[in-house]
Amino acid sequence: MSAVQIAPEAPGTPVVVASTGWRLAVRRFRHNTLAVIGLVVIVVIVLFCFVGPFLYPTDQTHTQLSQANLGPSAAHWLGTDAVGHDVLGRLMFGGKVSLMVGIAAGILATVVGTLWGSVAGYVGGWVDAVMMRVVDAGIAIPALFILLVISAITTPGVGGLIVILGFVSWLVPSRLIRAETLTLKNRDYVLTLRAIGGSHARAIGKHLLPNSVSTIVVAATFQVADAILLVAYVSYLGLGVQAPATDWGGMLSAGLTAAYSGRWWLIVPPGLAVILVVCAFNAVGDGLRDAFDVRGR
C-alpha cells in the first residue's frame, strides 16, 4: 500500500503522487455515514464513561439508604438505585468496566486468534488440520455455556473476565486469519523469501501479518462488540464483577425487578448504553470492512 510516484514528462511538470491504499480506505470510511456515526457514538460514550465522573462526581462505594429509589431530579439526573447510588454516576462507573473488559478481551482474542490462524495457514498439512480441529471443537461449544461453567467455579474480577472472554472469543478470528494466510503464503514475495533461506517466523512477521492488517482490524472491531455483549450476559446472570464494582449487565440485573414497579430509570439507561455501544462497534466494523475491500474499489 505504498505511494506510487510518477515521474514528470517534461521539466516543470508537477509530480503526481497517487493516493495510498490507506488514504483510499480512510476516504471510503468517511463516505460511510453509518460508520462515521458509529465512531462518533463510541467517542462520546468513552468520554462519558472516563471523563464524565470528573464533571459529575458521585459516591459509588458507600450505600445511602436514605436516598434509595429516588426518581430523576435536579439532584440526581437519572434517579438513584435500591442502595442510594446515583444512577447516572453508576452508568459512568459501570461503563468503564464494560468498555475496559470488552476492548481488552477483544484485543486479546484477536491477538491469540491471529497468531493461531497465521501459523495454521502458513504451515499447512497435518499441523493445520490438528489446529483447526481444535478451533472447530471450540466453536461447537456455546461461549455462554463455557462462561457459566467457569463463573460457577470461580468469581472473576476484571482481569479474570478479560482472560476468560479472550479465551472463548479467539476462535472466529483464527479462522479469518487462516483464510487470509492461505491466500498470501503463495504470493511471489513470500515464495522469494523462502527461496533465499528466510525463516518461517520472518515470513509470518514481515509479510503475512502486515498484509493481513485490514482483516485483523475488522476482526478486532467485531470482537470488541461481542465481548461487551458477553460481559452483559454474564453480569446479567449475576456472575460478573462483584460489588461495589459493576458494569452495564450488572445494572440491568439489579434493576430488572424494580422496573416492574415503575422505576424505569434503573433499566432503560444501561440497556440503551449496551445497545448503542454494540451497534456502534458493529457499524464501525462494517465500515472498515467495506473500506478495506479492494474488490469494491
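The following dialogue works through the fold, cores, helices, second largest pocket and two residues of a predicted model.

Q: What secondary structure does the protein contain, and what part of its residues is buried?

A: The protein has 13 helices and 2 strands. Of its 297 residues, 41% are buried. As for contacts between residues at least 6 apart in sequence, 68% join residues at least 24 apart.

Q: How should one read a nonpolar core, and which residues have the most contacts inside the largest one here?

A: In soluble globular proteins, nonpolar side chains tend to be buried together. In this model the largest nonpolar core comprises 32 residues, and Ile 228, Trp 248, Val 277 and Phe 281 have the most contacts inside it. Two or more residues each are given to this core by helices H1 (21-30), H2 (33-50), H4 (87-123), H11 (213-236), H12 (248-259) and H13 (268-292). H13 provides the largest share, 10 residues. A second, separate core has 15 residues, among them Ile 162, Ile 164, Val 168 and Ala 227.

Q: Which residues does Val 277 contact, leaving aside its neighbours within four places in sequence?

A: Val 277 is in contact with Ile 45, Leu 99, Ile 228 and Trp 248 when those neighbours are left aside.

Q: How does one tell whether the buried residues of a helix share a face, and which residues of H2 are buried?

A: An α-helix has 3.6 residues a turn, so residues three or four places apart point the same way. In H2, the buried residues are Ala 35, Gly 38, Ile 42, Ile 45 and Cys 49. Because these residues fall within an arc of 85 degrees when H2 is seen down its axis, they line one face of the helix. The length of H2 can be checked as well: at 1.5 Å a residue, its 18 residues should span 26 Å, and its end C-alpha atoms are indeed 26 Å apart.

Q: Which residues of helix H6 are buried, and which exposed residues lie on the face turned away from the buried side?

A: Within H6 (residues 143-153), Ile 146, Leu 147 and Ser 151 are buried. They lie on the same side of H6 because they cover an arc of only 125 degrees around the axis. The face turned away from that buried side carries the exposed residues Phe 145, Ala 152 and Ile 153. The cover over the buried residues of H6 includes helix H7 (158-169) and H11.

Q: How is a pocket described, and which residues are closest to the centre of the second largest pocket?

A: One may consider its volume, then its lining. The second largest pocket holds about 530 Å³ of space. It is lined by 27 residues, of which Arg 90, Thr 246, Gly 250, Met 251 and Ala 254 are the closest to its centre. H4 and H12 are the elements that give two or more residues to this lining, and H12 gives the largest share, 6 residues.

Q: Is Arg 90 buried or exposed, and what does Arg 90 touch?

A: Arg 90, found in helix H4, has a relative accessibility of 9% and therefore counts as buried, the cut-off being under 20%. Not counting residues up to four places away in sequence, Arg 90 touches Gln 60, Asp 81, His 85, Pro 244, Ala 245, Thr 246 and Met 251. Thr 80 is 10 residues from Arg 90 in sequence, with a C-alpha to C-alpha separation of 9.1 Å.

Q: Where is Gly 124 found, and is Gly 124 buried or exposed?

A: Gly 124 is in the loop between H4 and helix H5 (125-140). Gly 124 counts as buried, because its relative accessibility is 10%. Gly 124 and Leu 182 are 58 residues apart in sequence, yet their C-alpha atoms are 8.5 Å apart in space. Beyond four places in sequence, Gly 124 touches Val 119 and Lys 185.

Terms used
Residues numbered from 1 in each chain as written. Predicted model: local features only at pLDDT ≥ 70, side-chain atom pairs only at ≥ 80, totals over all residues. Heavy atoms only, no water. Core = buried A, V, L, I, M, F, W, Y, C linked by side-chain atoms within 4.5 Å. Buried < 20%, exposed > 50% of the residue type's maximum accessible area, 1.4 Å probe, protein only. Helix = DSSP H or I, 4+ residues; strand = E, 2+ residues; numbered from the N terminus. Contact = heavy atoms within 4.5 Å. Arc of directions from axis to C-beta. Expected span 1.5 Å × (residues − 1). 1 Å grid on protein atoms, 1.4 Å probe; cavity = no way out; pocket = protein on both sides within 12 Å on 5 of 7 lines; lining within 4 Å. Points joined across faces, edges and corners; volume = space filled by probe spheres on them.
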